[in-house]
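Reader: I would like a careful look at one part of this model, with the cut-offs behind each term spelled out as you go. Please take your time and keep the pieces connected.

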Amino acid sequence: CIAEQAALRYTPAGLPALDLILEHTSELEEAGQTRKVQLKLRALTFGSLAERLVKQAVGSVWTFKGFLATPRQGKSVVLHIQEFQQD
């Protein structure tokens, strides 16, 4: 789900960009035991996807597709969203 959402911003080239924090919670089986998985992940999207996603409510549930990358000045991972759909 969308846990946090920044205001829509624009790159120096004028491209819309949106920074988000996504949150995931699920239960999986690992080594015969049920394990609760919780994760917060930084995410980013550009262009028309950013303009569409900024209109969605914080707390709404979605399926996101994209790729993981490490920002130039950081050690953390960021999901670059390339598509999303309602869950």
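Is Ala31 buried or exposed, and what is its relative accessible area?

Author: This is a predicted model, in which local features need pLDDT of at least 70 and side-chain atom pairs count only at pLDDT 80 or more, while totals for chains, interfaces and linings use all residues. Residues are numbered from 1 along each chain as its sequence is written, and side-chain values use heavy atoms, with hydrogens and water left out.

Ala31 is exposed, because its relative accessible area is 78% (buried means under 20%, exposed over 50% and partly exposed in between, with a 1.4 Å probe and protein chains only). Ala31 is placed in the loop between strand 3 and strand 4, where strands (E, at least two residues) and helices (H or I, at least four) are DSSP runs numbered from the N terminus. Most residues other than glycine have a negative phi. Ala31, although not a glycine, has a positive phi of about 55 degrees.

The turn that holds Ala31 belongs to a hairpin, with 2 residues between strand 3 and strand 4. Strand 3, residues 16–30, pairs with strand 4, residues 33–46, in the antiparallel sense over 14 bridges (two strands pair if DSSP finds at least two bridges between them). Within this pairing Asp19 has Leu44 of strand 4 as its bridge partner, and Leu44 also stands opposite His80 in strand 6. Strand 4 and strand 6, residues 78–86, pair in the parallel sense over 3 bridges, whereas 8 bridges join strand 6 to strand 5 in an antiparallel arrangement, with Gly66 opposite Ile81.

Ile81 leads from the strands to the packing of side chains. The largest nonpolar core (buried Ala, Val, Leu, Ile, Met, Phe, Trp, Tyr and Cys residues joined through side-chain atoms within 4.5 Å) has 13 residues, and those with the most contacts inside it are Ile2, Leu20, Leu22, Leu53, Phe64 and Ile81. At least two residues of this core come from each of strand 3, helix 1 (47–53), strand 5 and strand 6. Leaving aside neighbours within four places in sequence, Leu20 is in contact (heavy atoms within 4.5 Å) with residues including Ile2, Leu41, Leu53 and Ile81.

Leu22 and Phe64 also appear among the residues that line the largest pocket, together with Leu39, Leu41 and Trp62, among others. Strand 3, strand 4 and strand 5 (62–69) are the elements that give two or more residues to this lining, and strand 3 gives the most, with 4 residues. Here a pocket is an open set of points on a 1 Å grid over the protein atoms alone, where a 1.4 Å probe fits, with protein on both sides within 12 Å along at least five of seven lines, and lining residues have an atom within 4 Å of a point. The lining divides into 8 nonpolar, 2 polar and 1 charged residues, with Asp, Glu, Lys and Arg counted as charged, Ala, Val, Leu, Ile, Met, Phe, Trp, Tyr, Cys and Pro as nonpolar, and the others, Gly among them, as polar.
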